[in-house]
Amino acid sequence: MYCDVKVKERTGIINPIFTCQPCGVQFASIGIKDCIGIVHGGQGCVMFVRLLFSQHFKESFELASSSLHEDGAIFGALNRIEEGVDVLLMRYPKAKVIPIISTCSTEVIGDDIDGVVRKLNAGLLKEKYAGREVHLIPIHSPSFVGSMVTGYDLAVKEFVTYFAKKGTPTEKINLITGWVNPGDVTELKHLLSVMGVEANVLFETEAFDSPLMPAGNHVSHGDTTIEDLMDTANAKATFALNIYEGGKAAEYLEDEFNVPAIYGPTPIGIRNTDTFLKKLERITGKPIPESLVRERGIALDAITDVTHMFLADKKVAIYGNPDLVISLAEFCLDMEMKPVLLLLGDDNSKYKSDPRIIEFQEKLDYKMEIIMNADLWELEDRIKNGGLEIDLIMGHSKGRYIAVGYNIPMVRVGFPVYDRAGMYRHPIVGYRGAMLLAEQIANTWFADMEYKHNREPVLNVW
Amino acid sequence: MPYHLFKCSECIPEREKHAVIKGYGETLTDALPLGYLNTIPGSISERGCAYCGAKHVIGTPMKDVIHLSHGPVGCTYDTWQTKRYISDNDNFQLKYTFATDMKEQHIVFGAEKLLKKNIKEAFKAFPEIKRMTIYQTCASALIGDDINAIAEEMMEEMPDIDIFVCNSPGFGGPSQSGGHHKINIAWVNQKVGTFEPEITSDYVINYVGEYNIQGDQEVMQDFFKRMGIQVLSTFTGNGSYDGLRAMHKAHLNVLECARSAEYICNELRVRYGIPRLDIDGFGFEPLSASLRKVAMFFGIEDRADAIIKEETQRWKPELDWYKERLKGKKVCLWPGGSKLWHWANVIHEEMGVEVVSVYTKFGHQGDMEKGISRCEEGALAIDDPNELEGIEAMETLKPDIIFTGKRPGEVAKKIRVPYLNAHAYHNGPWKGFEGWVRFARDVYNGIFSPIHELSLLDISKDEIPTDKGFLTQHLLSDVNLSEEVKNSTVLREYTGDYDALKRIKERKYPEFPRKSGLEGELSAV
């Protein structure tokens, strides 16, 4: 077997690939309209996550803290949630959805966030906010379990579980995008639109790329409504494009409301987009229109220009969110590249039985390593001390110093990307995304050829 | 009373005493907001936690150290690559961060074994690094791991290593300020006095409360070296671990950020008799006065005067070029803590801007006292501001520019106020004479941006001239300037390099003959 799947041998983490669960929950909550989460823990658990979002999107998002201080850590801090909900509701008249997001500290001290929500529903909301639509949703996301990826998966499920309500069946599908960029959402909506398919999109984050308007608009927010979430119970099917980022919610909707769950594919690359559209066609009965044949053709035309001349046999290391990493590797293979190292940054035991990883193990004819519970040192150590030679790194900005330090060209992809401008706007999904990504890979390689005077004259004509 | 209650905060009246307007002719006692109190939950305050105050602000700028956080991975990840404190050892502390990766089973059964393994692994990965700081987090504090005991054990097992332990969990105090205090005291308790340095000068200082944002420390160290002063240690930007263990051997503590690091200076004064001298590296006058004060302490005023003269001659015409163009521009000075008083008066004096508001996220009342006394009458001072108050203030005050953090800067951008990063700077360093000109240039480029000009227009409503192909900063800034200023042969725009540190790195320093026996005399002061 050429594909070696293993767990990082070291215990600790040197340069993490992921942050912890509460970040994933916060990312899901900013996708919902009129939603401001309260993170129950120290202030850093919110302040830094807001900073991270603003590093990536160059925007500010609203998230609140219960501001756990020393007394709360000792005596319990549920009173801080009660006060926090009240203050938030008084000052943000639009706020309707308030997830109460626990962290490691408040899970360790055992604060009963479910109990306090019941208390607030029976008390404060009835008395002071009678007639106002408010949804308090306790979400347990201890930082010592899983990662930001599982936090996101969990949050999508919690929101769907809270809101989904059986009504009249619709022709819509549920589209759970996973942890993607506004540019990806635009592209996915484009595919649905030309297919003539309507969807409840979880989450509508296109508006994260928000304009600078004459009247001013101080924060960015998602546009998925409470109605969208309620309606998820009535859809024809749920497409959880990323298995690890929305799969749980799809499973819930299938179990509870018999809405068929379709897991994957993450539509990165031509082949995965084909699979997505074919599945969509099968479920909705809507044919794939000529315009997509053309779009696909344009992408293939562009990708062919760079594939066997430039990309073939280039060795790549990829790290980041699991569905992203796996599907990028699949796309790279179609472009004749050789992903030699995939790093998955948490200890999810399901990776081992992931059919896509099993396919790597069964079919690859060169050596690929997949490291689970990985950190970025797994990559750097192999380069610095293990003699690993790679031509390209694909991953998010936290790994930038490996590229900088060892002069390896790097394509920024995933979350967070803060050292390149506007990447959140560029789709990597769909045919267009495949084309743009292939071109970005090629252009990154070209720039590197020039800086290093590495056969750069071949670029004169191709 | 000059208290100011924001409209958006009328429903939380306790906020009233956290904001004041500096009234005309009023004394400071009439106008001091409350400070450093517990945050109101749900208010969307901008404060961070005590872990970040200890680890992220003060701990991590130490350059030759493995910075290991004992807890789940998030604290480590979140405080990594979000600051601009560089170092002259290829930024080791920026590039590498370490987490013990505490999981559920460790919460239940304890994580001390996990910590031990982590320590060994980290030193194995970086054999050239022999020093480590371990940071407690909320999780490791609550499960009660004895990090100090583990550190002692490991130091016995591996004699060539040294470990510092910082117990400052995120929930310890109203803001990051609690962490500043804890790590100051922990360092002086655990590490000062455990290393004997080589003394190479008759004049030896610790440079304290300086974090080398974009090279500030290297700029200031350059001045000290040109005066023949040995900077034994810097607490902590670009500082080395062993240098900081030797702080007890300095003759003088030169203190920059009194908010985050006065604690250790006060302890060093009590325990080792080392005097504290507060200085200010921002602005021509404060910096000149500071260099003179330090020199005066050692009786080498002539050396300081020579530097001040040379630097002022070189850079003052450039500062004044910007001052002429920035006169009367309104500034919201909204940093984290100490910069509100470092900058409040000097940006008015030397750049000509009007400070219409000051705020502090984690400052104490003492910081406000200094800040308010230095800012303009009529200015609005806010303690622990929150999102809505910030927006309300900007909409009322209509500043031309705001100096604040990265994320609040995004809010400002949306309501069409240009922002400069007060914590990490735009094109720093901003300390030193040249640095101060770089700051002025950043302010100028922020305010007089043709793109910013366009963002103020509404294409659907406003009259927009159709005969203009482009505008430049000059065309915007020089509209109402007198011919004399416009055509001045003295004033000029910034002429330094993109990287201001290059020249410093190449500098050869003069050798000053040493006087014998002076060392003992001075340390007895």
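## Sorting the residues

Ala, Val, Leu, Ile, Met, Phe, Trp, Tyr, Cys and Pro count here as nonpolar, Asp, Glu, Lys and Arg as charged, and the others, Gly among them, as polar. Keep that split in mind for the linings below. One more thing up front: what you have on screen is a predicted model.

## The largest cavity

Seven cavities of 30 Å³ or more turn up in the structure. The largest of them holds about 190 Å³ of space. Its lining takes in 19 residues, and those nearest the centre are Gly44(A), Cys45(A), Gly74(B), Cys75(B) and Asp78(B).

Which helices each supply at least two residues of this lining? Look at helix H2 (44-57) of chain A and helix H2 (73-78) of chain B. The top contributor is H2(A), with four residues. Going by residue type, the lining of the largest cavity has eleven nonpolar residues, seven polar ones and one charged one.

## The second largest cavity

Next comes a cavity of about 100 Å³, the second largest. Here 16 residues make up the lining, with Val46(A), Ser65(A), Ile44(B), Ser45(B) and Arg47(B) nearest the centre.

Chain A's H2 shows up again: H2 and strand E4 (64-65) of chain A each give at least two residues to the lining of the second largest cavity. H2(A) gives the most, with three residues. How do the residues of this lining divide into nonpolar, polar and charged? There are six nonpolar, seven polar and three charged residues.

Definitions and conventions: Residues are numbered from 1 along each chain as its sequence is written. Chains are lettered from A and ligands numbered from 1 in the order in which they are written. This is a predicted model: local features need pLDDT of at least 70, side-chain atom pairs count only at pLDDT 80 or more; totals for chains, interfaces and linings use all residues. Side-chain values use heavy atoms; hydrogens and water are left out. On a 1 Å grid over the protein atoms alone, a cavity is a set of points where a 1.4 Å probe fits but cannot get out, and a pocket is an open set with protein on both sides within 12 Å along at least five of seven lines; lining residues have an atom within 4 Å of a point. Grid points are joined across faces, edges and corners, and a volume is the space filled by probe spheres set on the points.
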